[in-house]
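Visitor: Please take one part of this model and walk me through it slowly, explaining each term as you reach it.

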Amino acid sequence: MVKVPVAVRVNGRLYEREVEPRLLLVHFLRDLDGLTGTKVGCDTSQCGSCTVLLDGMTVKSCTCLAVQADGAAITTIEGLAAENGALHPLQEAFWNQHGLQCGFCTPGMIFAAHEILRTSPDPSDEEIRHGLEGNLCRCTGYQNIVRSVRAAADAMQEGEG
Amino acid sequence: MSAKIFGSGIRRREDPRLVTGSATYTDDITLPGMVYAAMLRSPHAHARIRSIDTAAAAAAPGVLAVYTGADTAEALAPVPTAWLLPDSDLQVADYPAIARDTVRYVGDIVAVVVAESRYQAYDAVDLVAVDYEPLPAVVDPELASRPGAPQIHDGIAGNQALHWTVAGGDVEAAFASADVVVEERIVQQRLIPNAMETRSAVARFTRASGELTLWNTTQNPHIARFICSAVTGVPEDRLRVIAPEVGGGFGSKIAVYPADFVTVFCAMRLGRPVKWTETRSENYQATTHGRDHVQQVELAATRDGRITGLRCSVWAGLGAYLSTAAPGIPTILHGLMLSGVYDIPAVKEDVYGIYTNATPVEAYRGAGRPEATFMLERLVDRLAGELGLDPAEVRRRNLIPRFEDGHPVVTGLTYDSGDYPAALEKLLAHAGYDRLRAEQAAARERGRHLGIGLATYVEICGLGPSQVAGAIGFQGGLWESAIVRFHPSGKVHVFIGASPHGQGEETTFAQIVASEVGVSPDDVKVFHGDTDNTPMGWGTYGSRTTAVGGAALALTARKIKEKAKIVAAHLLEAAVEDMDYEDGNFFVKGSPDRGKTIQDIALMANVSWNMPEGVESGLEASTFYDPPNFTFPFGAHLAVVEVHPETGQVDLLRYVALDDCGPQINPVIVAGQVHGGVVQGIGQALWEEAVYDESGQLVSGTMLDYALPRADRLPEIEVLSTVTPSPHHPIGVKGVGEAGTIASTVTVYNAVMDALRPFRVGAVTMPLTPERVWRAIQEAQGG
Ligand code: FES
Ligand code: FES
């Protein structure tokens, strides 16, 4: 199959690759430099495990082709913490609130939460639950994920204030 | 510290790697020279294979090999079941890893393609041409057991895999003399476990040494090694199974699967590492399902609501083949729990395990016990309705009173400890039960239909004494093991045979060691999941890791403490009898400030310059712990729902769970287990179902079609507990992994039926979707 060139900035680093046009972004990312933190949990775009940031907006990376990300800047879970390793408030909050068990849904959940807080920095529990609708977790029953998002919102507002 | 660390909700040690994407799950592994396998699976529920043409696939770009059942027939022994249930006329059907002449469910493997890339493998799978002759299929276990049903396996009459009976007391007499008999036909629909990580295997075979390494998404790597060795012929000493990070299991990663063996076969044939990862849609067909019972249940009672007998027949669909633990789930783990938390003098159950043209059934969170709890708690509510008594009151009248050290029940088990009345009363008090009933009555006046559902439960966990395992046909032991190793600096490595996959034992087990010998939990690293560097163990399922493995670990830590005391006495020139211990400090009685810390002792034991006479160097110990009995966690749950009769919509307004799993090592982790379990049970009551059509097609075949619980449909779950230690367990713990699931399905179901009482609805088959509820109302209204 013919390959086409793509140039994608992932976690601040530019990757230039030749890819098949049908290659899903999620597979492109997972095959790059061991960036396997982005997960594949389904084949019908239901689970949200593959959620990443594309030019600052969340996208389910299984619903997008690598070629569509040509020229974009992507943040995966590996790129969320600060350079010095300090965890992002969302990562810290998921840890503090026991917002994960097996951890498989967690990278996607964290980005779903990122989107909730981007659009609503002080969300109600209902807003949070609504915002998590597109992400599935089989372990936690969502309760501590909701708490994690709430705690991250508080921490991030405090950080700004 | 020791007093505080046990019972403290410290943050999990697992989490930093998981929240940063640095954890390695099986599909994250890439090896030099690795190639990819894709399975061709049967699109028919039942068909004869006339011919298979692999030429086009073999010629496709990147393809290294295409194998069919003809290639694997000699190399791979049949896939075994590990539970040979005695006294059940068990009929084990031949279960080839790749089907040879006949396929028996949608998802049966027909061929495997190995290619340089995943995409090439999938492309080529589509090119394998199979000529099938479709045969009649049957997926309902009750229909499959009837005369004239399609015959699934040659020589297995009536598709009956097993017939097992449990009986105690005089059940005929109980029914003959009953004042009231209530009955119900209950369908426990098939469920798809849906661990978020699908199944995956990576196999690497080194021809020169004959060594095989299998990375596998499993809950029990040691069992996987044992079975994989038997099927592939690779000797156990050359076979290493590694369960890396595992993304949930819920029972679906107990079995060792055909695709695992096929992946190993490909790696051995090709001499290249091979990876196979199932897609989600493939997972729905190929990874085991749960439940699938048709139950006919009757309960006998006196006029004042005392239960005198329970009688039932269960048709348990087992799918097309017997999965690893399948025969024990609807029998031992179900039938022995029939009498639940009540003193019932007589029970009898017949269980028919039936082959069907559907995906094999295995343990699924709760495994047999939710199905038992449902029958009993549903019928108790029926009894209350029949007698015009409050459901809480009927339960009160039948509960086994508090006991601390053993209570024999009619099925032959001896429960370890329990205080069921206290659990129920605490639940009712917290929920404000009487007030809820008043609100319900007031709401009905205003035309709103609230329902209050209750359930109590006791479950069997901590599997179990190995002698019992042998007696019930489980082809393995059920003990657990632990090694504790102190390094010179006082840091600790713990090696366990069990294999947690989300339950947090890297943290709670560090807490056990910390509380026993006074180190910081941060200084304890727990190793699990690799058969080459952990001692043998039987795996993580049945809420047994903490209940059995935790016991092994606590006893090991106590051995360390004993040895440390001897070394400290020697260093302090004191007699061992004069030694005292507090929080990691070993000292002569009365002089705590002149003691030796566990770290001092670890250093001195490791350098070994001055050890007492006859004491070995090092500070390390191990234990193989075989429990004397099972553990029996219990609890009581309550749900409040509102049903909208015009649409059939059910809103879950409130959920209160009280679970007693004994002392809690880490209450935050315990609550997390309860949340997850409760929501899975709610899923069964309201949304989830593996739907097959009559021809055996899996209609709910993708995540788009299978309704999983989502965050926006759930209330905040209120978590309560009581603490009743197990008398036979070194730290009293009982296990909590399945607790939530066991009570929650019937709790929600009872709540919905309570809301529907004014409509005189008899029974509604789960899941209680708006359409079903609405139809049931219409039918009951004669509309
Ligand atoms: S893998 Fe992208 S939504 Fe499931
Ligand atoms: S933590 Fe396991 S799926 Fe969410």
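**A close look, starting with charge**

Guide: In chain A, the mean positions of the 13 positive and 20 negative charges lie 7 Å apart, where Lys and Arg count as positive, Asp and Glu as negative, and His and the chain ends are left out, each charge being placed at NZ of Lys, CZ of Arg, CG of Asp or CD of Glu. This is a predicted model, in which local features need pLDDT of at least 70 and side-chain atom pairs count only at pLDDT 80 or more, while totals for chains, interfaces and linings use all residues. Residues are numbered from 1 along each chain as its sequence is written, chains are lettered from A and ligands numbered from 1 in the order in which they are written, and side-chain values use heavy atoms, without hydrogens and water.

Chain A has five helices and five strands, which are DSSP runs numbered from the N terminus (helices H or I, at least four residues; strands E, at least two), and along the sequence they follow the pattern β-β-α-β-β-β-α-α-α-α. The C-alpha atoms of chain A fill a box of roughly 50 × 35 × 25 Å along the principal axes. The radius of gyration of chain A is 16 Å, which agrees with the value near 15 Å for a compact globule of 161 residues; it is taken over C-alpha atoms, and the globule rule is 2.2 Å times the number of residues to the power 0.38.

Of the 161 residues in chain A, 55% are buried, meaning under 20% relative accessible area (exposed is over 50%, partly exposed in between; 1.4 Å probe, protein chains only). Chain A exposes about 6400 Å², and carbon and sulfur atoms supply 49% of it, by the Shrake-Rupley method with a 1.4 Å probe. Among the contacts in chain A with a separation of 6 or more, 55% are between residues 24 or more positions apart, a contact being heavy atoms within 4.5 Å.

Chain B can be described in the same way. Chain B has 22 helices and 28 strands, and its radius of gyration of 27 Å is close to the 28 Å given by the rule for 783 residues, so chain B is as compact as a globular protein of that length. Buried residues make up 66% of chain B, and the centres of its 64 positive and 93 negative side chains lie 3 Å apart. In chain B, 80% of the contacts between residues at least 6 apart in sequence join residues at least 24 apart.
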